[in-house]
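Here are a few short exercises to work through with the structure open beside you. Try each task yourself before reading its solution.

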Amino acid sequence: MKGAKRKHTAEFKSRIAIEALRERYSPSDIAGTFDLHVSLIHAWRQLLKKNMASVFRDGSQDPKVTADIRRIEQRIEELRAEQEWMRRTAANCLDLHSRRDIVDPENDEISVVRQATLLGLHRSGVYYQKAKELKKDSREEHEPESEPDHPRTLSAEPEENLVTDTTTKLFPENRE
């Protein structure tokens, strides 16, 4: 097995590809002379054929494409300026709670994170609820429905009757 993989310079590759294009020698002869594989000769020749026209270009792109690129870059800068203005205006004109109320989690076009960024809010602040509100919400969710058979909900019997009933059940000899 041969040694490490050889790396060829661009000048060497181009010289071999030009020689292959001239067709004075077969690709196998060229490969044998320079100790290369025939597939490399074919690949370099095809690459040279494909990219030959780029050598004669003046370096500039199509004017229509260049104009489109300039127009798009200008629009990007305008949008950045508008975004920065909106962020400053929202932060100065609206209080924190008003900006939080503007965020719409149901919006499919702009994510909550992006809305928070545009309004100058931290993402965690959008989801924040005060502790009192959080406790009230959790109580409403977890409070059981009132059960009529539950002893705490029965208010018809006085408490002293409950005490005497339990006493007689536990100590039957103390019955009157």
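**Exercise 1: A glutamine and its surroundings**

Find the residues that Q115 touches, leaving out those up to four places away in sequence, and decide whether Q115 is buried or exposed.

Solution. Start with the contacts: beyond residues up to four places away in sequence, Q115 touches I102, V103, D104, N107 and I110. Keep in mind that you are looking at a predicted model. Next, place the residue: Q115 sits in helix α6, which covers residues 112–118. Finally, apply the cut-off, under which a residue is buried below 20% relative accessible area. Q115 has a relative accessibility of 9%, so it counts as buried.

**Exercise 2: The chain as a whole**

Describe the secondary structure of the protein chain, then say how much of the chain is buried.

Solution. Begin by counting elements: the protein chain has 9 helices and 0 strands. Read from the N terminus, the order is therefore α-α-α-α-α-α-α-α-α. Now turn to burial: 13% of the 176 residues count as buried. The exposed area of the chain is about 15,600 Å², with 54% of it supplied by carbon and sulfur atoms. As a last step, look at contacts between residues at least 6 apart in sequence: 39% of these join residues at least 24 apart.

**Exercise 3: The largest nonpolar core**

Which residues make up the largest nonpolar core, and which elements give two or more residues to it?

Solution. First list the members: F12, I16, A17, A20, I30, A31, L36, I41 and W44, making 9 residues. Then assign them to elements: α1 (10–22), α2 (27–34) and α3 (38–51) each give two or more. Among these, α1 gives the most, with 4 residues. A second, separate core has 7 residues, including A90, V112, A116 and L121.

Now zoom in on one core member. Setting aside neighbours within four places in sequence, A31 is in contact with L36, H37, V38 and I41.

**Exercise 4: One face of a helix**

Check the length of α3, then work out where its buried residues lie around the helix axis.

Solution. For the length, 14 residues at 1.5 Å a residue should span 20 Å, and the end C-alpha atoms of α3 are 20 Å apart, so the two agree. The buried residues of α3 are I41, W44 and R45. Viewed down the axis, they fall within an arc of 100 degrees, so they line one face of α3. To finish, ask what covers them: α1 and α2 are among the elements that do.

How values were computed. Residues numbered from 1 in each chain as written. Predicted model: local features only at pLDDT ≥ 70, side-chain atom pairs only at ≥ 80, totals over all residues. Heavy atoms only, no water. Core = buried A, V, L, I, M, F, W, Y, C linked by side-chain atoms within 4.5 Å. Buried < 20%, exposed > 50% of the residue type's maximum accessible area, 1.4 Å probe, protein only. Contact = heavy atoms within 4.5 Å. Expected span 1.5 Å × (residues − 1). Arc of directions from axis to C-beta. Areas by Shrake-Rupley, 256 points an atom, 1.4 Å probe, with all protein chains shown as cover.
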